[in-house]
Amino acid sequence: QVQLVESGGGLVQPGRSLKLSCAASVSLFRLNAMGWYRQVPGKQREVVATITGDGSTDYADSVKGRFTITRDFAKNTVYLQMNSLKPEDTGDYYCNAYWYSIGSRRDSWGQGTQVTVPS
């Protein structure tokens, strides 16, 4: 099993920046992809940004041009740099990692970190 620990959430004013971190308990080389998801009360968890093993990234339309997902193999950590934050970015942010074991996909989730951008 892969453990993921998020950090970096908090209360930030609109227009400011915040950087989330997700530390994995294994080498990132062992993972097929990692991503950040956001969930708000009453809604389904939605993908915010993903990064695959070959470094390809993808973003939700709502965050393109403002958020950047990166990774540090030496630290086994994935980051989400969030710039120009808006109230609609508020939510619980979860880190996800997946890999394949014996032909089956395995997923792991962090405990979540809260981001609040007041209106």
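This passage describes a four-stranded sheet and the largest nonpolar core of a predicted model.

The model is predicted, with local features requiring pLDDT of at least 70 and side-chain atom pairs counted only at pLDDT 80 or more, whereas totals for chains, interfaces and linings use all residues. Residues are numbered from 1 along each chain as its sequence is written, and side-chain values use heavy atoms, with hydrogens and water left out.

Strands (DSSP runs of E, at least two residues, numbered from the N terminus) pair if DSSP finds at least two bridges between them. An open, antiparallel sheet is formed by four strands in the order S1-S3-S8-S7. Strand S1 (4–7) and S7 lie at the edges, each pairing on one side only. From one strand to the next, the twist averages 15 degrees, with axes fitted as lines to C-alpha atoms and angles running from 0 to 180 degrees between N-to-C directions.

S1 and S3 are joined by four bridges, and glutamate 6 stands opposite cysteine 22 in S3. Six bridges link S3 to S8, with serine 21 partnered by tyrosine 79 in S8. S7 and S8 are likewise joined by six bridges; here aspartate 72 faces threonine 77 of S8. Five of the seven residues of S3 are buried (under 20% relative accessible area, 1.4 Å probe, protein chains only).

The largest nonpolar core (buried Ala, Val, Leu, Ile, Met, Phe, Trp, Tyr and Cys residues joined through side-chain atoms within 4.5 Å) contains 30 residues, of which Met34, Trp36, Leu80, Met82 and Tyr93 touch the most other members. Strands giving two or more residues to this core include S3 (18–24), S7 (67–72) and S8 (77–82).

Technical notes: Buried means under 20% relative accessible area, exposed over 50%, partly exposed in between (1.4 Å probe, protein chains only).
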